[in-house]
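Please describe this protein fold for work at the bench. Cover the helices, the core and the loops.

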Amino acid sequence: MQLPDLLNPYWFFITTAIFFIIITGRYFLFAGLFYTIFYLWLPKKWISRKLNNRNYKDGQFKKEVGWSMVTAFIFSVSGTITMIFWQRGFTKVYTDINLYGWWYLPCSLVIFMVLHETYYYWLHRWMHKPKVFKIVHKIHHDSNITSPFTAFSFHPLEGLLQAVFLPVMLMLLPVHYYIIIIQLTIMTMSSVINHLDIEIYPRNFNKTIIGKWLIGATHHSLHHKHFKFNYGLYFTVWDKIKKTESPLYDKLFDTITKARQQEDIVIYSSASSANNPLTKKAH
Ligand SMILES: [Zn+2]
Ligand SMILES: [Zn+2]
């Protein structure tokens, strides 16, 4: 099937609109699904895993969804531009699996994610420089207590900085288009899990061979709380190498994943308890 030239304004608009529907659909699917399961259907089961028990700010979800729509629009335009690059032969995206073999599919996914992690970690460190933070990254941190809807809640400049990674990467690394779809789906799901504010991983997962390298809700909640730790995206590797992983992480993970009665929930409640991270909250 021959695709029309996407540089034509009409087709540029149509393609961007299709991307927007897919990207927002994926966002609402994952954020909505996790919110429904953990907050609406099974709140009693998961209340002891809630990292912050304070209420969300008035209108927070609405703002988060609004900023996420702006991000989705930026990602959509970036997607169309990437397609134009592909049409003109500027990318290394391929469609015939046999070109690099089946074994290369998982390898390229891992390479892609590790490079994305590296890009994001250092971008994130830069975005926390005070002058940059105020303009680029503050919107994301306005969600002091995160929710599944925080997943794409970024200032447009941050959205843009995140969006450039994909087209640049696809010009350098051969990637099958299946892997692009899988990677973008993992990215959305992982962002929803990390902002859920409910730890869903099993007890002691943080000490397992896989779990110690994966970021989850507890890990990222500490970033939104203290700003100066836990800058990673999917993996803890750069935080471990650069010693920016929060010293409170393992203790908080242990505490939050212990089965507790509702009246004895130990909650890590506010920044003011930074030196005494585990504060008992009586109901
Ligand atoms: Zn975040
Ligand atoms: Zn941050």
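Helix 1 buries T15, T16, F19, I23, Y27, A31, F34 and F38. A residue is buried if 20 or more other C-beta atoms lie within 10 Å of its own, exposed if 12 or fewer, and partly exposed in between, with C-beta atoms placed from the backbone. Helices (H or I, at least four residues) and strands (E, at least two) are DSSP runs, numbered from the N terminus. This is a predicted model: local features need pLDDT of at least 70, side-chain atom pairs count only at pLDDT 80 or more, and totals for chains, interfaces and linings use all residues. Residues are numbered from 1 along each chain as its sequence is written, while chains are lettered from A and ligands numbered from 1 in the order in which they are written.

The buried residues of helix 1 pack against helix 2, helix 3 and helix 8 (177-194). Contact here puts two C-beta atoms, placed from the backbone, within 7 Å. Helix 1 covers residues 9-41, and its 33 residues should span 48 Å at 1.5 Å a residue. That expected span is 1.5 Å times one less than the number of residues. The end C-alpha atoms of helix 1 are 45 Å apart, which agrees. Helix 1 also has a kink of about 25°, centred on Y35. The bend at a residue is the angle between axes fitted to the seven residues ending there and the seven starting there.

Next, the cores. A nonpolar core is a set of buried Ala, Val, Leu, Ile, Met, Phe, Trp, Tyr and Cys residues joined through C-beta atoms within 7 Å. The largest one has 33 residues, and Y27, A31, A151, V192 and L196 have the most contacts inside it. Two or more residues come from each of helix 1, helix 3, helix 7, helix 8, helix 9 and helix 11 (249-257). Helix 1 gives the most, with six residues. Leaving aside neighbours within four places in sequence, A31 is in contact with P148, F149, A151 and V192. A second, separate core has five residues, including Y121, Y231, L233 and W238.

Helix 7 (residues 165-172) buries L166, M169 and L170. Seen down the helix axis, these fall within an arc of 100°, so they line one face of helix 7. The arc is that of the directions from the helix axis to the C-beta atoms. Their cover includes helix 3 (60-87), strand 1 (93-94), helix 4 (104-127), helix 6 (156-163) and strand 2 (175-176).

Three loop residues deserve a look.

| Residue | Loop | C-beta neighbours inside 10 Å | Class |
|---|---|---|---|
| K50 | helix 2 (43-46) to helix 3 | 21 | buried |
| N204 | helix 8 to helix 9 (217-226) | 11 | exposed |
| F227 | helix 9 to helix 10 (237-241) | 14 | partly exposed |

K50 touches D197 and I198, not counting residues up to four places away in sequence. K50 and I198 are 148 residues apart in sequence, yet 4.4 Å apart in space, C-alpha to C-alpha. Most residues other than glycine have a negative phi. N204 has a positive phi of about 65°. F227 likewise has a positive phi of about 65°.

Now the whole protein. It has eleven helices and four strands. Its radius of gyration, taken over C-alpha atoms, is 20 Å. The globule rule (2.2 Å times the number of residues to the power 0.38) gives 19 Å for 283 residues, so the protein is as compact as a globular protein of that length. Buried residues make up 34% of the 283 residues.
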